[in-house]
Amino acid sequence: MSLAPDVHPGPGRSVGSPAATAPLLEVSGLKAYYQMRFFGISREVRAVDDVTFTIRRNEIYGLAGESSSGKSTLIKTIARAIRPPLNVVGGTVAFTFEDGRQDIYAMSPAQVAAIRWSRLSYVTQGSMNVLNPVRRIRSTFVDFAARHLGGSRRDFLTTVERHLGRLSLDPRVLDAYPHELSGGMRQRLTIALATICRPEFIIADEPTTALDVVVQKDVLAMLREVQQEMGSSILFVTHDMAVHANLTDRLGIMYAGRLVEEGPTRKVFQRPLHPYTAHLIASLPRLGDDMRKTGLPGAPPSLADPPTGCRFHPRCPSAVGLCREASPPMEELEPGHRVACHVAKAHAEGRRLS
Ligand code: SF4
(Lines give C-alpha, C1' and ligand atoms only; values in the text may rest on other atoms or scores of the structure.)
Protein backbone atom coordinates (compact mmCIF):
# COMPACT_ATOMS: atom_id res chain seq x y z
CA MET A 1 0.00 0.00 0.00
CA SER A 2 1.47 3.37 -0.93
CA LEU A 3 -0.14 6.73 -0.48
CA ALA A 4 2.99 8.60 -1.42
CA PRO A 5 2.22 9.87 -4.91
CA ASP A 6 -0.90 11.74 -3.85
CA VAL A 7 -0.71 12.63 -0.22
CA HIS A 8 2.79 13.30 1.03
CA PRO A 9 3.43 15.79 2.60
CA GLY A 10 -0.24 16.72 2.37
CA PRO A 11 -2.17 19.53 0.76
CA GLY A 12 -0.37 22.81 1.05
CA ARG A 13 2.12 21.37 3.53
CA SER A 14 5.63 22.58 3.09
CA VAL A 15 8.27 20.63 4.95
CA GLY A 16 10.61 23.00 6.80
CA SER A 17 8.13 25.90 7.08
CA PRO A 18 7.69 27.44 10.57
CA ALA A 19 4.36 25.65 10.87
CA ALA A 20 6.05 22.35 10.09
CA THR A 21 8.40 22.70 13.04
CA ALA A 22 5.96 24.14 15.62
CA PRO A 23 3.97 21.76 17.83
CA LEU A 24 0.78 20.90 16.00
CA LEU A 25 -1.32 20.86 19.16
CA GLU A 26 -0.71 22.90 22.32
CA VAL A 27 -3.02 22.27 25.26
CA SER A 28 -2.36 24.63 28.13
CA GLY A 29 -3.93 24.59 31.61
CA LEU A 30 -7.11 23.10 30.17
CA LYS A 31 -10.04 22.72 32.53
CA ALA A 32 -13.32 21.19 31.35
CA TYR A 33 -16.01 20.67 33.97
CA TYR A 34 -19.51 19.22 33.90
CA GLN A 35 -21.56 21.94 35.57
CA MET A 36 -24.99 20.74 36.70
CA ARG A 37 -27.78 22.02 38.84
CA PHE A 38 -30.31 19.72 40.52
CA PHE A 39 -33.16 21.12 42.64
CA GLY A 40 -31.24 24.33 43.21
CA ILE A 41 -28.01 22.55 44.17
CA SER A 42 -24.97 23.10 41.94
CA ARG A 43 -22.64 20.21 41.22
CA GLU A 44 -19.35 20.41 39.37
CA VAL A 45 -17.46 17.39 38.03
CA ARG A 46 -13.89 18.29 37.19
CA ALA A 47 -13.39 15.79 34.38
CA VAL A 48 -10.33 17.58 32.94
CA ASP A 49 -8.45 19.61 35.49
CA ASP A 50 -5.45 21.68 34.49
CA VAL A 51 -3.99 19.57 31.70
CA THR A 52 -0.97 20.82 29.72
CA PHE A 53 0.79 18.98 26.90
CA THR A 54 1.85 19.33 23.26
CA ILE A 55 1.79 17.04 20.25
CA ARG A 56 4.35 17.43 17.50
CA ARG A 57 3.85 17.15 13.81
CA ASN A 58 4.11 13.63 12.47
CA GLU A 59 3.90 11.77 15.77
CA ILE A 60 1.45 9.37 17.40
CA TYR A 61 0.70 10.47 20.95
CA GLY A 62 -1.04 7.93 23.14
CA LEU A 63 -3.35 8.77 26.01
CA ALA A 64 -3.94 6.03 28.59
CA GLY A 65 -5.80 5.65 31.85
CA GLU A 66 -8.66 3.61 33.26
CA SER A 67 -12.34 4.39 32.66
CA SER A 68 -13.45 7.71 34.13
CA SER A 69 -9.87 9.07 34.15
CA GLY A 70 -11.07 11.92 31.93
CA LYS A 71 -9.32 10.90 28.71
CA SER A 72 -12.49 10.78 26.58
CA THR A 73 -13.63 14.14 27.93
CA LEU A 74 -10.18 15.56 27.19
CA ILE A 75 -10.22 14.56 23.54
CA LYS A 76 -13.82 15.73 23.02
CA THR A 77 -12.74 19.06 24.47
CA ILE A 78 -9.69 19.22 22.21
CA ALA A 79 -11.91 18.53 19.18
CA ARG A 80 -14.40 21.14 20.41
CA ALA A 81 -17.05 18.42 20.28
CA ILE A 82 -18.62 19.32 23.62
CA ARG A 83 -21.93 20.73 24.72
CA PRO A 84 -23.37 21.75 28.09
CA PRO A 85 -23.29 20.67 30.85
CA LEU A 86 -19.64 20.12 29.83
CA ASN A 87 -17.94 23.50 29.61
CA VAL A 88 -14.39 24.75 29.23
CA VAL A 89 -13.73 26.86 32.33
CA GLY A 90 -10.04 27.58 31.77
CA GLY A 91 -7.00 27.10 29.56
CA THR A 92 -6.48 26.96 25.82
CA VAL A 93 -6.40 24.46 22.94
CA ALA A 94 -4.38 25.73 19.98
CA PHE A 95 -3.58 24.06 16.67
CA THR A 96 -0.79 25.24 14.37
CA PHE A 97 -2.03 24.09 10.99
CA GLU A 98 -0.26 25.03 7.79
CA ASP A 99 -2.28 28.24 7.60
CA GLY A 100 -1.29 29.42 11.08
CA ARG A 101 -1.98 29.05 14.78
CA GLN A 102 -5.58 29.05 15.95
CA ASP A 103 -7.18 28.68 19.36
CA ILE A 104 -10.07 26.36 18.65
CA TYR A 105 -12.25 28.07 21.29
CA ALA A 106 -11.65 31.47 19.69
CA MET A 107 -12.93 30.22 16.32
CA SER A 108 -16.50 30.69 15.10
CA PRO A 109 -18.67 27.56 14.62
CA ALA A 110 -18.31 28.08 10.85
CA GLN A 111 -14.51 28.15 11.11
CA VAL A 112 -14.56 24.95 13.20
CA ALA A 113 -16.85 23.27 10.65
CA ALA A 114 -14.40 24.29 7.90
CA ILE A 115 -11.45 22.50 9.55
CA ARG A 116 -13.43 19.46 10.71
CA TRP A 117 -12.41 16.47 8.53
CA SER A 118 -10.20 18.62 6.29
CA ARG A 119 -7.52 19.47 8.89
CA LEU A 120 -8.82 17.85 12.07
CA SER A 121 -10.65 14.55 12.00
CA TYR A 122 -12.06 12.27 14.64
CA VAL A 123 -12.22 8.44 14.57
CA THR A 124 -14.70 7.34 17.21
CA GLN A 125 -14.95 4.12 19.17
CA GLY A 126 -18.07 2.79 17.47
CA SER A 127 -18.04 2.94 13.69
CA MET A 128 -21.85 3.15 13.77
CA ASN A 129 -21.51 6.58 15.40
CA VAL A 130 -20.22 7.83 12.05
CA LEU A 131 -21.71 5.47 9.48
CA ASN A 132 -25.40 6.17 9.04
CA PRO A 133 -27.25 2.81 9.28
CA VAL A 134 -29.89 3.82 6.70
CA ARG A 135 -27.52 5.25 4.13
CA ARG A 136 -25.08 3.49 1.85
CA ILE A 137 -21.37 4.03 2.60
CA ARG A 138 -21.08 6.15 -0.55
CA SER A 139 -23.61 8.67 0.83
CA THR A 140 -21.70 8.96 4.12
CA PHE A 141 -18.52 9.85 2.24
CA VAL A 142 -20.44 12.46 0.26
CA ASP A 143 -22.03 13.89 3.43
CA PHE A 144 -18.75 14.23 5.31
CA ALA A 145 -16.13 15.03 2.74
CA ALA A 146 -17.54 16.24 -0.61
CA ARG A 147 -17.71 19.89 0.37
CA HIS A 148 -14.13 19.87 1.64
CA LEU A 149 -12.67 18.31 -1.50
CA GLY A 150 -14.85 20.25 -3.94
CA GLY A 151 -15.13 19.38 -7.62
CA SER A 152 -17.89 17.45 -9.31
CA ARG A 153 -19.61 14.48 -7.67
CA ARG A 154 -18.02 12.19 -10.24
CA ASP A 155 -14.50 13.52 -9.47
CA PHE A 156 -15.17 13.20 -5.76
CA LEU A 157 -16.26 9.58 -6.05
CA THR A 158 -13.21 8.79 -8.17
CA THR A 159 -11.04 10.25 -5.39
CA VAL A 160 -12.89 8.15 -2.79
CA GLU A 161 -12.46 4.97 -4.83
CA ARG A 162 -8.74 5.67 -5.29
CA HIS A 163 -8.34 6.31 -1.56
CA LEU A 164 -10.13 3.06 -0.67
CA GLY A 165 -7.92 1.21 -3.14
CA ARG A 166 -4.78 2.61 -1.51
CA LEU A 167 -6.06 1.36 1.84
CA SER A 168 -6.67 -2.09 0.31
CA LEU A 169 -10.43 -1.68 0.57
CA ASP A 170 -12.64 -2.87 -2.25
CA PRO A 171 -14.46 0.18 -3.71
CA ARG A 172 -17.60 -2.01 -3.99
CA VAL A 173 -18.14 -1.43 -0.25
CA LEU A 174 -19.44 2.00 -1.26
CA ASP A 175 -22.68 0.30 -2.36
CA ALA A 176 -23.17 -1.46 0.98
CA TYR A 177 -25.14 -0.46 4.04
CA PRO A 178 -23.11 -0.53 7.29
CA HIS A 179 -25.00 -3.54 8.69
CA GLU A 180 -23.88 -5.60 5.68
CA LEU A 181 -20.21 -5.22 6.68
CA SER A 182 -18.15 -6.78 9.48
CA GLY A 183 -17.08 -4.70 12.49
CA GLY A 184 -13.49 -4.71 11.27
CA MET A 185 -14.48 -3.53 7.79
CA ARG A 186 -16.65 -0.75 9.23
CA GLN A 187 -13.80 0.43 11.42
CA ARG A 188 -11.43 0.44 8.44
CA LEU A 189 -13.99 2.55 6.60
CA THR A 190 -14.13 5.08 9.43
CA ILE A 191 -10.34 5.42 9.10
CA ALA A 192 -10.73 5.86 5.34
CA LEU A 193 -13.40 8.49 6.01
CA ALA A 194 -11.23 10.27 8.57
CA THR A 195 -8.26 10.41 6.20
CA ILE A 196 -9.89 11.07 2.82
CA CYS A 197 -9.28 14.83 3.17
CA ARG A 198 -5.70 14.25 4.32
CA PRO A 199 -6.09 15.95 7.69
CA GLU A 200 -3.07 17.23 9.58
CA PHE A 201 -4.41 15.98 12.92
CA ILE A 202 -6.42 12.84 13.69
CA ILE A 203 -8.06 12.09 17.01
CA ALA A 204 -8.73 8.36 17.46
CA ASP A 205 -10.92 7.41 20.42
CA GLU A 206 -10.57 3.69 21.28
CA PRO A 207 -10.96 2.81 17.57
CA THR A 208 -10.03 -0.85 18.06
CA THR A 209 -11.60 -1.65 21.42
CA ALA A 210 -14.57 -3.59 20.02
CA LEU A 211 -12.48 -5.63 17.57
CA ASP A 212 -10.92 -9.05 18.02
CA VAL A 213 -7.14 -9.20 18.35
CA VAL A 214 -6.36 -10.18 14.75
CA VAL A 215 -8.61 -7.49 13.21
CA GLN A 216 -7.29 -5.01 15.77
CA LYS A 217 -3.73 -5.68 14.59
CA ASP A 218 -4.76 -5.05 10.97
CA VAL A 219 -6.57 -1.82 11.77
CA LEU A 220 -3.64 -0.50 13.84
CA ALA A 221 -1.19 -1.34 11.07
CA MET A 222 -3.41 0.49 8.60
CA LEU A 223 -3.61 3.55 10.84
CA ARG A 224 0.17 3.64 11.32
CA GLU A 225 0.78 3.29 7.59
CA VAL A 226 -1.67 6.07 6.72
CA GLN A 227 -0.10 8.34 9.36
CA GLN A 228 3.42 7.77 8.07
CA GLU A 229 2.46 8.32 4.46
CA MET A 230 0.50 11.47 5.16
CA GLY A 231 2.79 12.96 7.81
CA SER A 232 -0.22 13.58 10.06
CA SER A 233 -0.23 13.58 13.86
CA ILE A 234 -2.51 11.27 15.80
CA LEU A 235 -3.84 11.55 19.33
CA PHE A 236 -4.67 7.92 20.08
CA VAL A 237 -6.75 7.10 23.13
CA THR A 238 -7.12 3.66 24.64
CA HIS A 239 -6.94 2.05 28.08
CA ASP A 240 -5.09 -0.87 26.43
CA MET A 241 -1.42 -0.45 27.33
CA ALA A 242 -0.35 -3.21 24.92
CA VAL A 243 -1.72 -1.15 22.02
CA HIS A 244 0.21 1.90 23.24
CA ALA A 245 3.41 -0.15 23.46
CA ASN A 246 3.03 -1.19 19.82
CA LEU A 247 1.75 1.99 18.24
CA THR A 248 2.55 5.25 19.97
CA ASP A 249 5.68 7.44 19.93
CA ARG A 250 4.93 9.28 23.16
CA LEU A 251 2.54 8.40 25.93
CA GLY A 252 0.53 10.43 28.44
CA ILE A 253 -1.10 8.80 31.47
CA MET A 254 -4.26 10.29 32.95
CA TYR A 255 -5.63 9.73 36.42
CA ALA A 256 -8.67 11.43 37.91
CA GLY A 257 -8.83 14.24 35.35
CA ARG A 258 -5.12 15.02 35.38
CA LEU A 259 -2.08 14.09 33.35
CA VAL A 260 0.28 12.34 35.80
CA GLU A 261 3.09 11.14 33.53
CA GLU A 262 4.27 11.74 29.98
CA GLY A 263 7.29 10.67 28.00
CA PRO A 264 8.58 8.69 25.03
CA THR A 265 6.58 5.44 25.05
CA ARG A 266 9.64 3.22 25.21
CA LYS A 267 11.03 5.19 28.18
CA VAL A 268 7.72 5.15 30.05
CA PHE A 269 7.45 1.38 29.63
CA GLN A 270 11.10 0.76 30.56
CA ARG A 271 11.12 3.04 33.58
CA PRO A 272 7.75 4.37 34.69
CA LEU A 273 8.23 7.12 37.26
CA HIS A 274 4.65 7.43 38.57
CA PRO A 275 3.32 4.62 40.80
CA TYR A 276 0.04 4.53 38.83
CA THR A 277 1.88 4.06 35.52
CA ALA A 278 4.04 1.39 37.12
CA HIS A 279 0.87 -0.44 38.14
CA LEU A 280 -0.65 -0.21 34.63
CA ILE A 281 2.51 -1.63 33.10
CA ALA A 282 2.98 -4.34 35.74
CA SER A 283 -0.56 -5.57 35.17
CA LEU A 284 0.17 -6.38 31.50
CA PRO A 285 0.37 -10.13 30.87
CA ARG A 286 3.80 -11.33 29.69
CA LEU A 287 4.83 -14.54 28.01
CA GLY A 288 6.17 -17.06 30.54
CA ASP A 289 5.12 -14.94 33.53
CA ASP A 290 2.93 -17.08 35.82
CA MET A 291 2.76 -14.52 38.63
CA ARG A 292 -0.77 -13.68 39.67
CA LYS A 293 -1.62 -10.06 38.84
CA THR A 294 -3.08 -8.05 41.68
CA GLY A 295 -5.34 -5.05 41.15
CA LEU A 296 -4.96 -1.67 42.77
CA PRO A 297 -6.88 -1.34 46.02
CA GLY A 298 -9.86 1.02 45.98
CA ALA A 299 -11.53 2.73 43.04
CA PRO A 300 -10.88 5.93 41.07
CA PRO A 301 -12.11 8.93 43.05
CA SER A 302 -15.27 10.88 42.38
CA LEU A 303 -14.34 13.89 40.27
CA ALA A 304 -17.11 15.83 41.97
CA ASP A 305 -15.17 15.55 45.23
CA PRO A 306 -11.58 14.50 44.48
CA PRO A 307 -9.14 13.77 47.33
CA THR A 308 -6.92 16.56 48.61
CA GLY A 309 -3.26 16.61 47.62
CA CYS A 310 -2.32 13.97 45.08
CA ARG A 311 -5.54 12.45 43.77
CA PHE A 312 -3.90 9.04 43.67
CA HIS A 313 -2.87 9.03 47.34
CA PRO A 314 -5.74 6.85 48.72
CA ARG A 315 -4.58 4.02 46.39
CA CYS A 316 -0.88 4.69 46.19
CA PRO A 317 1.53 2.15 47.72
CA SER A 318 4.27 4.83 47.93
CA ALA A 319 2.21 7.66 49.51
CA VAL A 320 3.80 9.79 52.24
CA GLY A 321 2.35 12.56 54.41
CA LEU A 322 3.00 15.32 51.85
CA CYS A 323 0.91 13.43 49.26
CA ARG A 324 -2.25 14.01 51.31
CA GLU A 325 -1.60 17.73 51.63
CA ALA A 326 -0.17 19.10 48.38
CA SER A 327 -0.98 18.40 44.77
CA PRO A 328 2.24 17.47 42.91
CA PRO A 329 2.91 19.60 39.80
CA MET A 330 3.92 18.02 36.48
CA GLU A 331 7.69 18.42 36.24
CA GLU A 332 10.32 17.23 33.80
CA LEU A 333 12.49 14.84 35.81
CA GLU A 334 14.38 13.42 32.83
CA PRO A 335 14.72 14.89 29.32
CA GLY A 336 11.27 14.70 27.72
CA HIS A 337 9.87 12.71 30.67
CA ARG A 338 7.42 14.59 32.91
CA VAL A 339 5.72 13.29 36.03
CA ALA A 340 3.48 14.59 38.82
CA CYS A 341 4.70 12.79 41.93
CA HIS A 342 6.36 14.10 45.11
CA VAL A 343 8.20 10.85 45.78
CA ALA A 344 9.48 10.46 42.20
CA LYS A 345 10.76 14.03 42.31
CA ALA A 346 12.51 13.53 45.66
CA HIS A 347 14.04 10.31 44.36
CA ALA A 348 15.33 12.09 41.22
CA GLU A 349 16.95 14.70 43.47
CA GLY A 350 18.48 12.13 45.80
CA ARG A 351 16.17 13.08 48.70
CA ARG A 352 13.98 10.84 50.82
CA LEU A 353 10.44 11.79 51.83
CA SER A 354 8.66 10.31 54.80
FE1 SF4 B 1 1.83 8.31 45.23
FE2 SF4 B 1 2.48 10.53 46.55
FE3 SF4 B 1 3.41 10.14 44.13
FE4 SF4 B 1 0.84 10.69 44.48
S5 SF4 B 1 2.57 12.05 44.93
S6 SF4 B 1 1.69 9.15 43.16
S7 SF4 B 1 0.45 9.61 46.38
S8 SF4 B 1 3.85 8.90 45.93
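**View 1. Leu63 of strand 3 meets its partner in strand 8.** In this predicted model, Leu63 has Val237 of strand 8 as its bridge partner. The two strands cover residues 60-64 (strand 3) and residues 233-237 (strand 8). They run parallel and are joined by four bridges.

**View 2. Eight strands form an open sheet.** Read across the sheet, the strand order is 6-7-8-3-9-10-12-11. The pairing is mixed. Strand 6 (120-123) and strand 11 (331-334) are the edge strands. Each of these pairs on one side only. From one strand to the next, the twist averages 20 degrees.

**View 3. Helix 7 and helix 8 beside the eight-stranded sheet.** Helix 7 spans residues 183-195 and packs on the sheet. Helix 7 touches strand 6 and strand 7 (201-205). The direction of helix 7 makes about 175 degrees with that of strand 6. Helix 8 spans residues 213-230. Helix 8 lies across strand 3 and strand 8, the pair shown in View 1. Its angle to strand 8 is about 155 degrees.

**View 4. Four strands form another open sheet.** Here the order is 2-1-4-5, and the pairing is antiparallel. Strand 2 and strand 5 (100-103) stand at the edges. Each has a single partner strand, so one side of each is left without a neighbour in the sheet. The twist averages 15 degrees from one strand to the next.

**View 5. Strand 1 pairs with strand 2 and with strand 4.** Strand 1 covers residues 25-38 and strand 4 covers residues 86-97. Eight bridges join them, and they run antiparallel. One of the residues to find is Lys31, whose bridge partner in strand 4 is Gly90. Strand 2 (residues 41-55) pairs with strand 1 over 11 bridges, again in the antiparallel sense. On that side, Val27 stands opposite Phe53 in strand 2.

**View 6. A hairpin turn and a crossing helix.** Strand 1 and strand 2 form a hairpin with two residues between them. Phe39 sits in the turn and has a positive phi of about 45 degrees. Helix 3 (residues 71-78) lies across strand 1, strand 2 and strand 4. Helix 3 runs at about 110 degrees to strand 1.

**View 7. The ligand and its shell.** The space taken by the ligand is the largest cavity. There are 13 residues around the ligand. Cys310, Cys316, Cys323, Cys341 and His342 come nearest. By class, the shell has nine nonpolar and four polar residues. The shell has no charged residues.

Note on methods: Residues numbered from 1 in each chain as written. Predicted model: local features only at pLDDT ≥ 70, side-chain atom pairs only at ≥ 80, totals over all residues. Heavy atoms only, no water. Pairing = 2+ DSSP bridges. Axes fitted to C-alpha atoms, helices over the stretch in contact; angles between N-to-C directions. Contact = heavy atoms within 4.5 Å. Near = heavy atom within 4 Å. 1 Å grid on protein atoms, 1.4 Å probe; cavity = no way out; pocket = protein on both sides within 12 Å on 5 of 7 lines; lining within 4 Å. Sits in = over half its atoms within 2 Å of the grid points. Nonpolar A, V, L, I, M, F, W, Y, C, P; charged D, E, K, R; others polar.
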